Amino acid sequence: IQNGSWGAANGSVNYLVAPNGTGATRVGAITVAGQTVTITQSGKGMAGPLQFPAFHDVMNAPNFKTALGIDGSLIVAYAVPTGGLQLVKSADGGATFSPPVLITDSVAVNGSFDMAVDSSNSVHVTWWGNGGPRNGDVFYARSSDGGASFGPPLTVRTETAYGGFLSRGGANPKVASDGLGNVAVAYSCSAVDLSGSYGSGIWISISTDGGVTFRPEFYANVP
């Protein structure tokens with residue numbers, strides 16, 4: 001019990017459950033105002049480090065990201081040395097992996113990409129790639145089926161002026177999603193003001209429709 005005390009009136013009781021390292025399920029109960037809350041804690045855990053079986057090109061891919069799906073699946077995305085990004089999944093704790101799924105055949109510059117899995121089990125991937133209006137930009141693709149397939153990539157930047165600056169290019173992107181339709185992609189980016197002077201800063205592009213479209217970008221720090 002973290003807080004809460006004896007008395008008569010409305011109140012709250014907060015509790016914390018310590019990790020269960022016993023390997024067996026354990027059950028506890030808390031009774032407050034005659035109401036009993038039962039807590040069942042699984043003892044299932046990772047017995048030791050996983051050793052990934054070799055799968056397509058991953059042993060030669062120094063840039064990779066891992067995440068867990070809401071169904072417990074292990075998801076690994078990686079940059080293929082010959083170009084592009086792929087994803088594999090394991091539903092048995094890493095013993096076996098699915099065939100690779102193509103995220104994009106575009107080269108991720110310097111292997112710069114990021115992946116996130118949200119509470120709806122959608123997989124979000126962003127990368128710094130060739131192409132776009134500046135022949136080098138930040139791209140995004142989404143899988144709404146847990147990584148089984150990906151939609152076409154989007155350029156997240158709109159090159160709309162914000163605070164007197166225009167973003168230019170973009171590199172080292174990071175992505176996050178809350179599973180409620182909000183997706184944020186942050187990236188380092190050059191910026192040019194109305195006089196033509198250049199600076200740099202961290203820019204953010206936001207989607208409120210699950211990654212279907214992105215709003216005009218804004219900077220987190222003044223370039």
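Colleague: In strand 5, which residue is the bridge partner of Leu-74?
Modeller: Ser-90 is the bridge partner of Leu-74. Keep in mind that this is a predicted model.

Colleague: How many bridges join strand 4 to strand 5, and which way do they run?
Modeller: Strand 4, residues 74-79, is joined to strand 5, residues 85-90, by 6 bridges. The two run antiparallel.

Colleague: What sheet has strands 4 and 5 in its order?
Modeller: An open sheet of 4 strands, ordered 3-4-5-6, with antiparallel pairing. Strand 3 (64-68) and strand 6 (101-104) are its edge strands, each pairing on one side only. From one strand to the next, the twist averages 25°.

Colleague: What do strands of a sheet pair through?
Modeller: Backbone hydrogen bonds, in either a parallel or an antiparallel arrangement.

Colleague: Changing topic. What do strand 1 and strand 2 form?
Modeller: A hairpin, with 2 residues between the strands. Ala-33, in the turn, has a positive phi of about 50°. Strand 1 covers residues 26-32 and strand 2 covers residues 35-41; they run antiparallel and 7 bridges join them.

Colleague: And which residue in strand 2 does Arg-26 stand opposite?
Modeller: Gln-41.

Colleague: Now the sheet with strands 11 to 14. What is the order, and is the pairing parallel or antiparallel?
Modeller: The order is 11-12-13-14, in an open sheet of 4 strands, and the pairing is antiparallel. Strand 11 (165-177) and strand 14 (218-219) are the edges, so to speak: each pairs on one side only.

Colleague: How many bridges between strand 12 and strand 13?
Modeller: 10 bridges, linking residues 183-193 with residues 198-207 in the antiparallel sense. Within that pair, Ser-188 stands opposite Ile-202 of strand 13.

How values were computed. Residues are numbered from 1 along each chain as its sequence is written. This is a predicted model: local features need pLDDT of at least 70, side-chain atom pairs count only at pLDDT 80 or more; totals for chains, interfaces and linings use all residues. Side-chain values use heavy atoms; hydrogens and water are left out. Two strands pair if DSSP finds at least two bridges between them. Axes are lines fitted to C-alpha atoms, for helices over the stretch in contact, and angles run from 0 to 180 degrees between N-to-C directions.
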